[in-house]
Amino acid sequence: MEKRTAETLRSQRKDERALAAYLRSPTAIRERCGQLYKLAIEGNSRYFNCDLSQLERVADYTIGVMREEYPDLGIPFHSRWRHFETGGVPRLSILDERLAGLTPLDKAIAKFDLVIISVLLDAGAGESWYYNEPETQLRFQRSEGLAVASFQMFCTGTFVRCRHTTPLQVNADRLQTLTEGELAQGFGVSAENPLVGITGRLKLLQKLGRSLVSSPNIFGEQSPRPGNLVRYLMTKSCNNQLEAATVLGAVLEGLSDIWSGRIEVAGINLGDVWFHPDVVDDGLVPFHKLSQWLTYSLLEPLEELGLEITGLDALTGLAEYRNGGLFLDLGLINVKNQDILLKPYPVSSEAIVEWRALTVILLDCIAATIREKLGMNAEELPLVKILQGGTWTAGRRIAAELRKGATPPIQIESDGTVF
């Protein structure tokens, strides 16, 4: 009996580990989101209808934005690096000048340090917060403001202990001792200029510091830093090629412990995974929005090292309110009850889970429609470029046309760790 019980427990743990690995995969994102999408197009969703007759309208609107932003359709990746150039200021050129004395590998490590911190600080800022950049006296809001503020904090050594000797780094021990006051100062936060979720952002960085120390195989045994993920990923490449899904897997493995209050399976913190009762088996729906946004943002430094990134479209679109807002604002998705538009919802709510799931699948649909209209294939116009060109920009634009402050059509209670 005891032997049978032990075997049963081992089998159960093995099954749970397999489930955790599955829920960290882009395949699981599409399959689980696909279940809720199927319910919506059949009219059986709890909160939304999906009107596929509006696909062409949304595609045409998005193509219009793409041609305006990138007339030759030479679209870069949707990544944090775009935000660092906001306002027409050549911050990346300035950064490259400051990194000029480093080897290509060390330069990539420094860029990983910067972009990992910046993406993790990129959750929604709220409509009232702004950042005044001291060097240019320019004012930025939302993602651009968060990007510029985190860029300046990185350049002035906020995230490194010896800022006067090696400012362009991020150190594990420094992240663990970072205070809310220091972070607030870096973002220019005051009673008159509040930033949504600043406590959540601080906890995220402090937990990142602890995760760097607890994962020496990924982030280095001596002086662990986020950028050492470069070295780890280089060991996963073959013939100078690296799968995009491999980068995501490393991000999810290395950063899994930083997310607070999330669902766990086999003792593994799943991160951006939520419950919906209409999803068969266990009801779990993964999105990994920030992790995929980070993955997209890590690809360019890897390419600068000479690595070819393959399997780009294995990753999914980002389940966030600009892409999802585009579909709601142009009628591709419709709410079943207008009351949903009247109050904010937590990220864990069934309505938000459904909205995000529909967003993931419809981004694939829109991508296929856009490629067909432009006569391009997935290699020429991967999803990561359609997001940039693209649906994210179009979502923000239609929101600005329809609502003051370009607020999303459905309000979300942000804790600074998801959106």
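Helices are DSSP runs of H or I spanning at least four residues, numbered from the N terminus. On that footing, threonine 369 belongs to helix 16, which covers residues 350-374. The model examined here is a predicted one. Threonine 369 has a relative accessible area of 14% and is therefore buried, since buried means under 20%. Beyond its neighbours within four places in sequence, threonine 369 is in contact with Leu55 and Ala59.

Stepping back to the whole chain, the secondary structure amounts to 17 helices and 12 strands. The radius of gyration is 21 Å, close to the 22 Å that the globule rule gives for 419 residues, so the chain is as compact as a globular protein of that length. Along the principal axes, the C-alpha atoms fill a box of roughly 70 × 60 × 50 Å. Buried residues make up 55% of the 419 in the chain, and the accessible surface comes to about 17500 Å², with 49% of it belonging to carbon and sulfur atoms. Of the contacts between residues at least 6 apart in sequence, 73% join residues at least 24 apart.

Helix 5 (residues 91-98) offers a helpful close-up, with Arg91, Leu92 and Leu95 buried. Viewed down the helix axis, the buried residues of helix 5 fall within an arc of 95°, so they line one face of the helix. This pattern can be read against helix geometry. An α-helix has 3.6 residues a turn, so residues three or four places apart point the same way. The buried residues of helix 5 pack against helix 4 (80-83), helix 6 (104-120), strand 3 (139-141) and helix 7 (142-155).

Salt bridges come next, and the count reaches 23. In one of them, arginine 397 pairs with glutamate 69, the closest N and O atoms lying 3.0 Å apart. This pair links distant parts of the chain, with arginine 397 in helix 17 (residues 383-402) and glutamate 69 in helix 3 (residues 55-69), 328 residues apart. Arginine 397 is partly exposed at 24% relative accessibility, and glutamate 69 is partly exposed at 38%.

Another salt bridge brings together the side chains of arginine 231 and aspartate 106, at 3.8 Å from N to O. Here helix 12 (residues 229-234) supplies arginine 231 and helix 6 supplies aspartate 106, the two being 125 residues apart. Arginine 231 is partly exposed, with a relative accessible area of 43%, and aspartate 106 is partly exposed at 31%.

Helix 16 returns in the salt bridge between aspartate 272 and arginine 356, which spans 2.8 Å from N to O. Aspartate 272 sits in the loop between strand 6 (268-269) and strand 7 (273-275) and arginine 356 in helix 16, so the pair ties together parts 84 residues apart in sequence. Aspartate 272 is buried at 7% relative accessible area, as is arginine 356 at 2%. Elsewhere, salt bridges that share partners join Asp96, Lys107, Lys111 and Glu304 into one network.

Arginine 322, in helix 15 (residues 321-329), is buried yet has no salt bridge. The nearest side chain of opposite charge, that of glutamate 320, is 5.7 Å away, whereas a salt bridge calls for a nitrogen within 4 Å of a carboxyl oxygen. Leaving out residues up to four places away in sequence, the contacts of arginine 322 include Arg142, Trp392 and Pro408.

Definitions and conventions
Residues numbered from 1 in each chain as written. Predicted model: local features only at pLDDT ≥ 70, side-chain atom pairs only at ≥ 80, totals over all residues. Heavy atoms only, no water. Buried < 20%, exposed > 50% of the residue type's maximum accessible area, 1.4 Å probe, protein only. Arc of directions from axis to C-beta. Contact = heavy atoms within 4.5 Å. Lys, Arg positive; Asp, Glu negative; His and termini not counted. Rg over C-alpha atoms; globule rule 2.2 N^0.38 Å. Areas by Shrake-Rupley, 256 points an atom, 1.4 Å probe, with all protein chains shown as cover.
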